[in-house]
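Q: I should like to learn how to read a structural model feature by feature. Where should one begin?

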Amino acid sequence: MPEPRSWPLGWVCPNIYANTAVLPFLWDFCCQDTPARKMRRFLRAGHDPVRERLKRDLFQFNKTVEHGFPHQPSALGYSPFLRLMAIGTRSGAIKLYGAPGVEFMGLHEENNTVMQIHFIPDQCQLVTLLDDNSLHLWSLKQHGGASELREEHRFTLKGPPGSPPSATQITAVLPHSSREVLYLGTESGNIFVVELPSLRVLEDRTISSEAVLQRVPEDNCNRRSCELVEALREHPKNPDQILIGYSRGLIVLWDLQNSKVTHHFLGSQQLENLYWQRDGSKFISCHYDGSYTQWPVSSDNRQPEPLENTVPYGPFPCKAISKIYWQTTKNGLPYIIFQGGMPRASYGDRHSISVIHGSQQTAFDFTSRVIDFFIIFSSEPAAEFDDPSAMVVLAEEELVVIDLKTAGWPAVHPPYLASLHCSAITCSHHVSNIPLKLWERIISAGSKQNIHYSTMPWPIDGGTNIAPDPPQRDLLLTGHEDGTVRFWDASGVCLHLLYKLSTVRVFLTDADPNDNMNTLGEDEWPPLRKVGTFDPYSDDPRLGIQKIYLCKYSGYLAVAGTAGQVLVMELNDEDAEHVVDHAEADLLQDQEGYRWKGHEKLKTRDGPVRFEAGFQPFVLVQCQPPAVVTSLALHSEWKLVAFGTSHGFGLFDHQQKRLVFVKCTLHPSDQLALEGPLSRVKSLKKSLRQSFRRIRRSRVSSRKRRGGGNASEVQEANAKFDQDTLQEMELAPVQRKIEARSAEDSFTGFVRTLYFADTFLRDSSRHCPSLWAGTNGGTVYAFCLRVPPAERRMDEPVRAEQAKEIQLMHRAPVVGILVLDGRSTPLPEPLEVAHDLSKSPDMQGSHQLLVVSEEQFKVFTLPKVSSKLKLKLTALEGCRVRKVTVANFGSCKTDDYSENDLAVLTNLGDIQIISLPFLKLQIRYPCIRKEDVSGIASCVFTKYGQGFYLISPSEFERFSLSTKWLVEPRCIVDVPEVTTNNHVHSKAGVENAARKSRGPGKSPGDYGEDERKSGRLMEHALLNDEKVLKEIQSTLEGGRGSYAERNSARSPLGHGLSNGGAD
């Protein structure tokens, strides 16, 4: 007998049992084996084709762009023709930058250090040299209507069998102006010629060291004079001559046509580098002893003596000058610019570049090692003078550009490549859709901080950004170890610094904030001047920012730090001097038996404090004990701020400047919470001890069971085993049984989340303001708040009373709390309805409470707080929720549909989108490598389905979960076309130089999985970099210790890369 057919969901037959005559007919109808019934056998449970199509219109995962400064840069190149700059890294990545928004990214298949980058003259090509001695030719080409960076060829110079590696170890690369060959200098002194673009060695054109020695008088050199080619430079006026510099000081001018030495120059010191003057009549050499020498080149004297030999910072022993420029000007005074040369004894540890122009001399002092630098000057062949305009310096931790046209040589504010880690990042906060007025006020405050910067336009301006204007203004706020908060424009491709807020002035520290590190005496020598923003040293680690909360409607900002300090600020357009009010919140409430063993609180300044325009603190709440603030919430309409630590939480009325209440959540066993900053070593030891105890207990109990107990004990054990097995079998395949945690686990009182809501807490007839708090021990506290009306707000106090306390059975940490209104929509932000940016919440229907723990999502009805439904995470791999937020997803097909869902990041590094209010898993994307605890901990979601996380101490990876909100580079680069007579013509601009090239009319949802994976090329570049673990671990709190996901799939030879993506 066939089984009866199931009724459609929601179908109701009225009075079906009233007429018994219809029952046989209904039974026969249900038992028919219809074709539709047969088809439903093959549909997955819950499969809805309409919903599946809608999901494709809503959700799409893309890694779009990387913000910040490349981690561990190792090489720098510049093309005056394209006006593009290239940066290579130790992990084999290469990035090209032009005008703001013009970015290209590529990755060598080998994760080797990029040693040198050279652009081919007047071409959209460049050559990279890696530390494995391989050469790689890259091209910017048109492909499918898009411009992309493509690796064309690779080549490794090999010597004859049996020859040592030094025979072909490349030390110098010279792309010839003919665009046909490369000259490769080696450690052996030989110079090999390689054809372009095939990268084939032209053996008959090799310039051997023996051939050079034969043409140099014997009394002036020996065989060792021609070891290691240090520099190769083409004659600026005669392309048939190249200048060859050997490390031991010998320099020769080689005639390529006749294969002979026309001039030779004998230096007495080890050579470092060479540079031609523009007219070719002279060149300058720099040396290991800190000197530079000027040499004449004339047809009369084949062995000229130097015109001038100078040790600019002598007479004491000096460091080597590793690179030098000699730039001519119209006024006759040249610019002499060189790296190094400082006195060894006193300034040997300085990273400097000196600029000399007439009587002006400045040694720019950088806080990190200088990788390389170049000068931007007139590149027109007909120009008579160089007339340098800017100096671009790539340091190990930042990019610095100096304006050489403006008096005083000020720095230029960079529009990209921001040094995010100028002080280590400790937290992040994103705010979407900033009102225009607040945006302008922040920019105005930031502009007053930038008056020392040059006003010259950004000099690296190749290409054209054609990306559409950002649809809204977004802010990314980063908290730093030195007590600063930086406001970044995160609306588009370029992450640009708008404003920097410092909290240091409120406190007494060892350093005076009015100190000027650049102040020099008139007679000070060398004339050092500090430049750049990178400063990894903090005056006091207690200043570190841990939590940030900005209300974009009122302009209130709350900032909390490492030593229990909570500052509430408001935006002021003018400088002001005022007293910051102080209040203390004793979270232990004088409980006996507890003694704080951690750091002391920060000492505050007495009397009025002067603050510059911008966000100015007006009240300080100091938590006692001064532990790290772990959660923060601000309600600007009620003028309340809530804060939590590992000891409890409190509520402060910042309008009346009065503490409303504190609640201690400390468990008697939470001794670690009293030991200051979270000691991961101690907690790890405790975890290991607990694990070993459990193992020992299980072994002892198993031995006892094997030890011949009576029959009843054996039967009891078997029955218990069978019962446990049945319980496990009854669980759904994607879920698991959640084991209750012990109440004695450490940090159960650790407050993980705070949430304000206007909802029904006492009864279903009246709603009231409320504060919710979730702890590490799975406890949720709810407090009813009585906020006086506006007319009596300053006269009557805010009152609070605990109304509910929920204890989750499995005691997993609570990471998120959310209240849904009668339409199952999340409650709007404070003041959002007042600004007509959101609908008023439905207060007629019943509200629901969503509690998100690390292991499950659970919905309760309000005000009864009875369980309604829940979703358990799969834990086949030990899945835990790490970050959760509500995001709005709009359809890419129509503007009329959008929905609110939960975006969830787990400890496995994947992102899950879960529907509201039914808690159905919509889709899952792998995002971060699960070993990268630091990247997962640093992740921050946006309100519209995007996110950021650290892939290195200095770089944010930006990703998008939405088909509608996608920020990625789009640009045009003019591609030159060289004719047979070597004249350069400009071809039509190539469109859409995007990170992942997209064909015409192609939507984000049209990408295949392989194409999406290729967008993670830059992460793969850092996969094997073990140092990153220690660098990020020291900056982020919470047991973070690995590194961001690097795509394991390598980029094949010739794989098209468009701004970091693959085609």
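The dialogue below moves from the whole chain to individual elements.

A: One begins with the kind of model, and this one is predicted. The next step is an inventory of secondary structure, which here comes to 12 helices and 66 strands.

Q: How many residues does the chain have, and what share of them count as buried?

A: The chain has 1063 residues, of which 54% count as buried. The chain exposes about 47,300 Å², and 49% of that area is supplied by carbon and sulfur atoms. Contacts complete this overview: among those with a separation of 6 or more, 61% are between residues 24 or more positions apart.

Q: How does one read the surroundings of a strand, for example β5?

A: One asks which of its residues are buried and where they point. Strand β5 covers residues 103–107, and five of its five residues are buried, so the strand is largely enclosed by the rest of the structure. E103, M105 and L107 point one way, while F104 and G106 point the other way, and all are buried.

Q: Which strand is joined to β5, and in what direction do the two run?

A: Strand pairing is read from the bridges. Five bridges join β5 to strand β4, residues 93–97, and the two run antiparallel. Within this pair, L96 stands opposite F104 of β5. The two strands form a hairpin with five residues between them, and in the turn G101 has a positive phi of about 100°.

Q: Which residues of helix α3 are buried?

A: For a helix, one lists the buried residues and then asks how they are arranged around the axis. In α3, residues 49–58, the buried residues are K55, D57 and L58. They cover an arc of only 160° around the axis, which puts them on the same side of α3. Their cover includes strands β1 (59–68), β55 (881–890), β56 (898–906), β58 (921–926) and β61 (955–962).

Q: What is found at the start of α3?

A: There, a side-chain oxygen of D48 reaches to within 3.1 Å of the backbone nitrogen of V50.

Q: Is Q277, a loop residue, buried or exposed?

A: A loop residue is assessed by its accessibility and its contacts. Q277 lies in the loop between β18 (271–276) and β19 (282–287). Its relative accessibility is 6%, and because buried means under 20%, Q277 counts as buried. Leaving aside neighbours within four places in sequence, Q277 is in contact with P236, K282, F283, Q294 and W326.

Conventions:
Residues are numbered from 1 along each chain as its sequence is written. This is a predicted model: local features need pLDDT of at least 70, side-chain atom pairs count only at pLDDT 80 or more; totals for chains, interfaces and linings use all residues. Side-chain values use heavy atoms; hydrogens and water are left out. Buried means under 20% relative accessible area, exposed over 50%, partly exposed in between (1.4 Å probe, protein chains only). Helices (H or I, at least four residues) and strands (E, at least two) are DSSP runs, numbered from the N terminus. Two strands pair if DSSP finds at least two bridges between them. Contact means heavy atoms within 4.5 Å. The arc is that of the directions from the helix axis to the C-beta atoms. A polar contact is a pair of N or O atoms within 3.5 Å; within protein, one must be able to donate a hydrogen and the other to accept it, and residues adjacent in sequence count only if both atoms are side-chain atoms. Accessible areas come from the Shrake-Rupley method with a 1.4 Å probe; for residues, only the protein chains shown count as cover.
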